[in-house]
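The following paragraphs lead through the structure shown below, taking its parts in turn.

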Amino acid sequence: MDEIFGIPAPLLFGQLLLGLINGAFYALLSLGLAVIFGMLNVINFTHGAQFMMGAFVAWMLLNWAGLGYWWALLLAPVLVGLTGVLIERTMISRLYKLDHLYGLLLTFGVGLVIEGVFRNEFGSSGMPYRIPAELQGSWDLGFMFMPIYRGWVVVVAIVMCLATWLVIEKTKIGSYLRAATENPALVQAFGINVPRMMTLTYGAGVALAAFAGVLAAPIYSVNPQMGANLIIIVFAVVVIGGMGSILGSVVTGFALGVIEGLTKVFWPEASSTVIFVVMAIVLLTRPAGLFGRA
Amino acid sequence: MSQIHRRGLLGAAAAAPLLGALPHRPARAQAANTIRIGLLSDFSGPFRDLNGPNSIAATRLAIQEFGNRGFNVEMVQADHQNRPDVGVNIARQWFDRDNVDMVLNLAASSVALAVSELARERNKVAIATSTATSDLTGRACNANTIHWVYDTYMLAKVSGLATVRAGGQNWFFITADYAFGHALERDTANFVRQAGGRVLGQVRHPFPGTTDFSSFIVQAQASRAQVIGLANAGADTINSIKQIGEFGVTRRGIRVASLLLFITDVHALGLQTAQGLVCANTFYWDLNDRTRRVAQRVLQLSGADMPVAMSHAGDYSATLHYLKTVADMGVAAAKASGRDVVARMKRMPTSDDAFGEGTIREDGRKMHPAYLCEVKSPAESRGRFDYYKVLQTVTPEEAFRPLSEGACPMVRT
């Protein structure tokens, strides 16, 4: 059997693939963050809680309304996105004129409150959520057994990222959005309702987080802290990719998933640290991030 | 466009864990005739469910059942957030200012070790009911501390040995990379080797902050081990088991030894995913009429939709025995010296509905039987929280580490 750095090649391929799958979650989450930051200039610290809400709404739909995974994939982002709209309208929108740190503190606080409420209601060890029947089982790839569900996650994440990118880069509404990011006053003068666009953008970013939450529910523990664990890494991804860069966050998300996956083979103890090492190196050499404009 | 300083963002991220709950402060009223019990535990973090509301209810139940025997009993509680510095600060305030006589629960080994040492300094009583490390009655033992419920040695021996005997010879460990995980892995590996098994490898995952275990699971499979030993706890264990199921590991004949699995974890996993797992417990609510009664009353008081775990039973049992001892020796003497209370607790046999009859050993180890349990399948489960069938009852002497092997300085051999 061929070996690469003392690790059998098949095992390494498997790990690369798994890294890519984890990268899919990073990409989806950092995409939402990047969209929100690009448009609203708010660093959405509630993102982790909204990811968690997505998973919990999936659980609620199943247990309270009898609606399974596929419905959850559709409904949870909409429902959680609506709460995002509410938060933006009632709170975040009041802070645009103030220093950005206020937005950061507000979203951070809102995130803590949401997590606390869920912890009070559902406890800390979480809720069971099963893989949908259609996606159970695994493929034998020769070098590893690949659960079908993981393959599904990677495909859906790539499609979602591509769709978001297309909407922002290639459609009319996307062009309004980009224009409003550059110069909101001018865009407003052309008769476009910029505040409403900001609200919808925030809602869409939040919906992306909830979508990732539903995807995560069958494979990660559905508990109130699930977002808090992931979100710090995702922030590092956004910083490395360049704040607000859509393409940057997606590419970096997948790339860091792979780097983390490889670290789990060669030096597992450091696997949670490696992303921050990469971040430090990137900040030292390219302070605006890999894809950011200084 | 970006005007937010990264430093500010990262600083805020780093400060996140600091913004926890502040300790609950008791009223200043002090009376020489009042015994104060401080429940120090995790009320907001990953170990909340195996402590939290049910622990408060269990302690309260013991106080209620004990009744009024000529002195008042009060309970205070605080969240140590699983951080030794926070835990020690709260305990110090309780001991020095608030007249607390006994601290209870002490979830998270690191907190228990630190608070136990403080209890020795201040001559108070520390009873660990939700703590894993067997060092508490080993090298770190002291005359003011009692360790109730379970420890890493018992878990390793009862579930580790049983797995080897059932034919699981070759092991691969997935271990949380901190003191608790290392201790559990070490203790289990010893028993595996003693029983003629082999350890083929291990992987240490960062704690906290690991959510995806797929990479480790694939490594374990590649090692061709027959048993994957999970030396982690709480959400890590839940995530590991969930993903092991996803990768179809058990369908290919590989066993999973979840070395520390609480009934609250089974509740979170669901029987469909958890069925067939084997774990060690010292309390299961459905053992007999007495345990059912305790569990029912705890749930009545807490109103929580969470099964009563062995840690909750420990809070009940320890509080009851402590109060009986105080009544026996008198409040004044009990308040004067925690060491005397603990010495007396060791001389008195324990008896309660949760653990039955038992004793406390010289090194502070509370002795009671352990149970090897298997998680039922959804078809076998008949009602709410009906999760385990008991495969085997292990005597206290067999389950816990022999007195002579613990290296506790208080024990003269």
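In this predicted model, the domain assignment divides chain B into two parts, each made of two stretches of sequence: domain 1 comprises 31–150 + 288–368, and domain 2 comprises 153–281 + 370–399. The centres of domain 1 and domain 2 of chain B, taken over C-alpha atoms, are 28 Å apart. Each domain contributes to the contact between them, with 16 residues from domain 1 of chain B and 16 residues from domain 2 of chain B. On the side of domain 1 of chain B that touches domain 2 of chain B, 10 residues are nonpolar, five are polar and one is charged.

Chain B contains an open sheet of five strands with parallel pairing, in the order S2-S1-S3-S4-S5. Its edges are formed by strand S2 (72–79) and strand S5 (145–147) of chain B; each has a single partner strand, so one side of each is left without a neighbour in the sheet. From one strand to the next, the twist averages 20 degrees. Strands of a sheet pair through backbone hydrogen bonds, either parallel or antiparallel.

The pairings within this sheet can be followed strand by strand. Strand S1 (residues 34–41) and strand S3 (residues 102–105) of chain B run parallel and are joined by four bridges. Two residues of chain B illustrate the register: B:Leu39 has B:Leu104 of S3(B) as its bridge partner, and B:Leu40 has B:Asn105 of S3(B). Helix H4 (residues 109–122) of chain B packs on the sheet, where it touches S1, S3, strand S4 (125–128) and S5 of chain B. The direction of this helix makes about 160 degrees with that of S4(B). S3(B) also pairs with S4(B), in the parallel sense and over four bridges. In this pairing, B:Val125 of S4(B) is the bridge partner of B:Met102.

A further open sheet of chain B has three strands in the order S11-S12-S13, and here the pairing is antiparallel. Strand S11 (350–352) and strand S13 (366–367) of chain B are the edge strands, each pairing on one side only. S11(B) is joined by three bridges to strand S12 (residues 356–360) of chain B, and the two run antiparallel. Within S12(B), B:Glu357 is the bridge partner of B:Ser351.

How do two helices of chain B, H12 and H14, pack, and at what angle? The axes of helix H12 (residues 310–329) and helix H14 (residues 338–347) of chain B are 9 Å apart and make an angle of about 105 degrees. Angles of 65 to 115 degrees count as roughly perpendicular, and H12(B) and H14(B) are therefore roughly perpendicular to each other. H12(B) brings B:His321, B:Tyr322, B:Thr325, B:Val326, B:Asp328 and B:Met329 to the contact, while H14(B) brings B:Val341, B:Arg344 and B:Met345. By class, this contact of H12(B) with H14(B) has five nonpolar, two polar and two charged residues.

The description now turns to chain A. Helix H2 (residues 47–65) of chain A has 19 residues and reaches 25 Å from its first C-alpha to its last, which is close to the 27 Å expected at 1.5 Å a residue. After H2(A) comes A:Gly66, whose phi is positive, near 70 degrees.

The two chains also meet: 45 residues of chain A are in contact with 48 residues of chain B. On the side of chain A that touches chain B, the elements giving two or more residues are helix H1 (9–40), helix H4 (100–122), strand S4 (145–147), helix H9 (226–241) and helix H10 (246–266) of chain A. H4(A) gives the most to this side, with six residues. Classed by residue type, the side of chain A that touches chain B has 24 nonpolar, 17 polar and four charged residues.

How values were computed. Residues numbered from 1 in each chain as written. Chains lettered and ligands numbered in written order. Predicted model: local features only at pLDDT ≥ 70, side-chain atom pairs only at ≥ 80, totals over all residues. Expected span 1.5 Å × (residues − 1). Contact = placed C-beta atoms within 7 Å. Nonpolar A, V, L, I, M, F, W, Y, C, P; charged D, E, K, R; others polar. Domains from an automatic or database assignment. Axes fitted to C-alpha atoms, helices over the stretch in contact; angles between N-to-C directions. Parallel < 35°, antiparallel > 145°, perpendicular 65-115°, else oblique. Pairing = 2+ DSSP bridges.
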